[in-house]
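Subject: Structure handover

Hello,

Here is the structure for you to look at. My notes on it follow below.

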Amino acid sequence: MNEKKIYLTSAEIGCLWTSYMNDSMSKYILGYMLKHLNDLDIRPAVQIAYDIAVGHLDQLLTIFEQEQYAVPHGFTEQDVNMEAPWLFSDVFCLTYVNHMAKVGMLAYSGFVSMSAREDIRNFYTKGLVEASTLYNQTTEIAISKGVHSRHPYIEVPKEADYVDSKKYLSGLNPFKNKRPLNAVEISHLYMNVLTNSMGVKLSISFAQTSPSKEIQDYMLRGKDISSKHIQIFADILLENDLATPRLPDVSVSNSTTKTFSDKLMMFHMSLLSTAGTGNYATAAAASQRSDLALNYERLSLEIAQYAKDGADIMIKHNWLEQPPGTKDREKLARKKEQ
């Protein structure tokens, strides 16, 4: 007796589409990095990241074929100039892979929780393990090279305590002293400084290598937004006598040769904007001081507007690939009537 076919749910279809788009982008960025990387400690980690992306694409294509699922266009070798001069420092590549592994851990954990079919859950569970392993490996390399930005130290608590006043949640009154940051709030502020620093470097590298003034202006605007957010978060840490992150040398070269297609770069900025919005939402929910939550909400709106403007540019140039969706039933009915 034939087993009943289990069809993909809408969530699984969306997760698979997102995975293909992200992995096809990663394949060409990491492939370019491998062409130029010299550091023998860093290179193996980037190679593993590349192999993970390629392996995922092969598995996704198999699933697409089985399900008669139209393969997304994604990105191809036309979206990277492998002969372009070296654009990033080797430490940047390490920091980039470490950052994207963190993004991957968040994405895959969400994909696992949204998937019901066993093979899809297994695919994303394996992806979560791979991303976690890659994060641990790149973190160890960064520590060994002295370029890991460790979160600040605070005194270990000697006893448990309870909040004894509603003042603990306040922070908006400029005429009253704000309470000191707690450990949870510090961790999110620090992490968001680090993630925005990656945004600054990528924006600069994309701006100086794009031949389009429209894209250059958009990328430089992204750099300014990330720089402003870094300053806001760093100032809050300094007000509490906490050190700001010691950022590693993740320099960008002075190359102005077109390296990646404008389509790929715009997609990457969209991915970073999505991740940043998620980080801010999590930080706002976890922060108990009202001024911090308000800051995250306010800055999230700025990122949302930036992402919207980026989507408008991508639509204008026919770069924005549409995720799978349902049919407009009302439109179909009216068309039939006509």
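Over the ring of which residue does the charged end of Arg-179 sit? Arg-179 has its charged end over the ring of Tyr-168, at 3.8 Å from the ring centre. Before going further, please keep in mind that this is a predicted model. A second charge placed over a ring belongs to Lys-263, whose charged end lies 5.3 Å from the centre of the Phe-75 ring.

Aromatic pairs

Searching the whole structure gives 18 aromatic pairs. One of them joins Tyr-32 and Phe-260, with ring centres 5.4 Å apart. The planes of these two rings stand at 75°, which is over 60 degrees, so the pair counts as edge-to-face. The pair connects distant parts of the chain, 228 residues apart: Tyr-32 belongs to helix α1 (residues 10-36), while Phe-260 lies in the loop between α6 (213-239) and α7 (262-286). Tyr-32 is buried, with a relative accessibility of 0%, and Phe-260 is buried as well, at 1%.

Trp-86 and Phe-88 make another edge-to-face pair, with 6.2 Å from centre to centre and 80° between the planes. Are these two buried or partly exposed? Trp-86 has a relative accessible area of 22% and is partly exposed, whereas Phe-88, at 3%, is buried.

The four residues of these two pairs belong to one aromatic cluster, which also includes Phe-92, Tyr-96 and Phe-206.

Nonpolar cores

In soluble globular proteins, nonpolar side chains tend to be buried together. How many residues does the largest nonpolar core have here? This core has 66 residues, and those with the most contacts inside it are Leu-16, Met-33, Val-46, Tyr-96, Met-219 and Phe-260. Two or more residues come from each of α1, α2 (43-67), α3 (90-114), α4 (118-144), α5 (183-209), α6, α7 and α8 (290-316). The element that gives the most is α1, with 12 residues.

Tyr-96 is worth opening in the viewer. Leaving aside residues up to four places away in sequence, Tyr-96 touches Met-25, Ile-29, Leu-30, Met-33, Met-198, Leu-202 and His-268. Tyr-96 is also a member of the aromatic cluster described above, as is Phe-260.

Apart from the largest core there is another one, of 20 residues, including Leu-189, Leu-194, Tyr-280 and Ala-283.

Regards

Methods
Residues numbered from 1 in each chain as written. Predicted model: local features only at pLDDT ≥ 70, side-chain atom pairs only at ≥ 80, totals over all residues. Heavy atoms only, no water. Phe/Tyr/Trp six-rings, centres within 6.5 Å; stacked < 30°, edge-to-face > 60°. Helix = DSSP H or I, 4+ residues; strand = E, 2+ residues; numbered from the N terminus. Buried < 20%, exposed > 50% of the residue type's maximum accessible area, 1.4 Å probe, protein only. Lys NZ or Arg CZ within 6 Å of the ring centre and 35° of its normal. Core = buried A, V, L, I, M, F, W, Y, C linked by side-chain atoms within 4.5 Å. Contact = heavy atoms within 4.5 Å.
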